[in-house]
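Welcome! Let us take a walk through this structure together, beginning with its aromatic rings and then turning to its pockets.

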Amino acid sequence: MSATVEFARMNGLGNKILVVDMRGRPDKVTPAAAVALNADPQTEFDQIMAIHDPKADGTDAFIDILNSDGSKAQACGNGTRCVVQALAAETGRKAFTFQTVAGILNAVEHEDGTISVDMGRPVFDWQKIPLAEEFHDTSRIELQIGPIDNPVLHSPSVMSMGNPHAIFWVDRDVMSYDLARFGPLLENHPMFPERANITLAQVSSPTSMTTRTWERGAGLTLACGSAACSAAVSAARTGRTGRTVTINVASAKPPAVLSIEWRERDDHVIMTGPAEWEWSGRLDPSTGSWSRDGTREVGAQ
């Protein structure tokens, strides 16, 4: 068995993704390899999407997801779109079914190159998100940061979209908040025993909103698909928007758009957006050493 495997550097709305082909192998990308890869500016990433042989009948692959700190992630919508684009280019197929630790994901590539991912049903039960305290209504919980009489952020909507999310509603530009300072405190707040993704959301109309996210295990990110889904669902759930919205991802470079539908007939969340291939190479899933196709460049030694 070769020590190295093929990988592609990709992005979904700027969300930095490494798609790693682990099919036909019993091993996994190790946390140490993930940390080493993230330490190199050329392979720095938000999530690794490792494609493994299918474990369940009727699926095309099992996707193992790692954050940049080496921890496991349950879901990554932007990364899933990257996987679809990579496999569609390889196979000529347009529709795929993936298994993740969060459940089954169905996805399809459209003729215009955009990709839709069925992210499944949102979870609102406080024990399943999970939260450390009981809240009957998780559309607004008691949590704030800043002075008690003038908090900077407060009363988030919380839910799980395969992973825990807290959505803080703001009334000014999401880029004007010091999320780099607040994000780590909120991600690791005792309210979230499994940590949480922290999103600032500004609603601009019944069909549009702007978001910015501090991602659990990755930090400030240019985009986060599951966070966009969570913001869209939470906005509809609290009466701020309808069930179909356009998400303007403020931190994407350049700013970009996702379309989210919280489908009424089955409560599934459908996320549609682009993916982009950047370059490819080979890496050692044990150590994180890598080389880029067509060069002698080697990193993460």
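**Rings and pockets**

A good place to start is one aromatic cluster, made up of Phe7, Trp279 and Trp290. Keep in mind that you are looking at a predicted model. Within the cluster, the ring centres of tryptophan 279 and tryptophan 290 are 5.6 Å apart and their planes meet at 35 degrees, so this pair counts as tilted. Tryptophan 279 belongs to strand β19 and tryptophan 290 to strand β20 (residues 290-292), so the pair ties together parts eleven residues apart in sequence. Both tryptophan 279 and tryptophan 290 are buried.

In total, the structure has four aromatic pairs. Another of them joins phenylalanine 96 and phenylalanine 98, which are stacked with 6.0 Å from centre to centre and 5 degrees between the planes. Phenylalanine 96 and phenylalanine 98 are buried too.

Some rings have an arginine for company. Arginine 237 sits over the face of phenylalanine 124, 3.8 Å from the ring centre, while arginine 243 lies over the face of tryptophan 262 at 4.1 Å.

Now for the open spaces. The largest pocket holds about 280 Å³. It is lined by 19 residues, and the closest to its centre are Glu6, Phe7, Ala8, Val19 and Ala86, so you meet Phe7 of the aromatic cluster again. Helix α2 contributes most to this lining, with five residues. By type, the lining has ten nonpolar, three polar and six charged residues.

The second largest pocket has about 160 Å³. Among its 13 lining residues, Ala102, Met119, Gly120, Met161 and Gly162 are closest to the centre.

How values were computed
Residues numbered from 1 in each chain as written. Predicted model: local features only at pLDDT ≥ 70, side-chain atom pairs only at ≥ 80, totals over all residues. Heavy atoms only, no water. 1 Å grid on protein atoms, 1.4 Å probe; cavity = no way out; pocket = protein on both sides within 12 Å on 5 of 7 lines; lining within 4 Å. Points joined across faces, edges and corners; volume = space filled by probe spheres on them. Helix = DSSP H or I, 4+ residues; strand = E, 2+ residues; numbered from the N terminus. Nonpolar A, V, L, I, M, F, W, Y, C, P; charged D, E, K, R; others polar. Phe/Tyr/Trp six-rings, centres within 6.5 Å; stacked < 30°, edge-to-face > 60°. Buried < 20%, exposed > 50% of the residue type's maximum accessible area, 1.4 Å probe, protein only. Lys NZ or Arg CZ within 6 Å of the ring centre and 35° of its normal.
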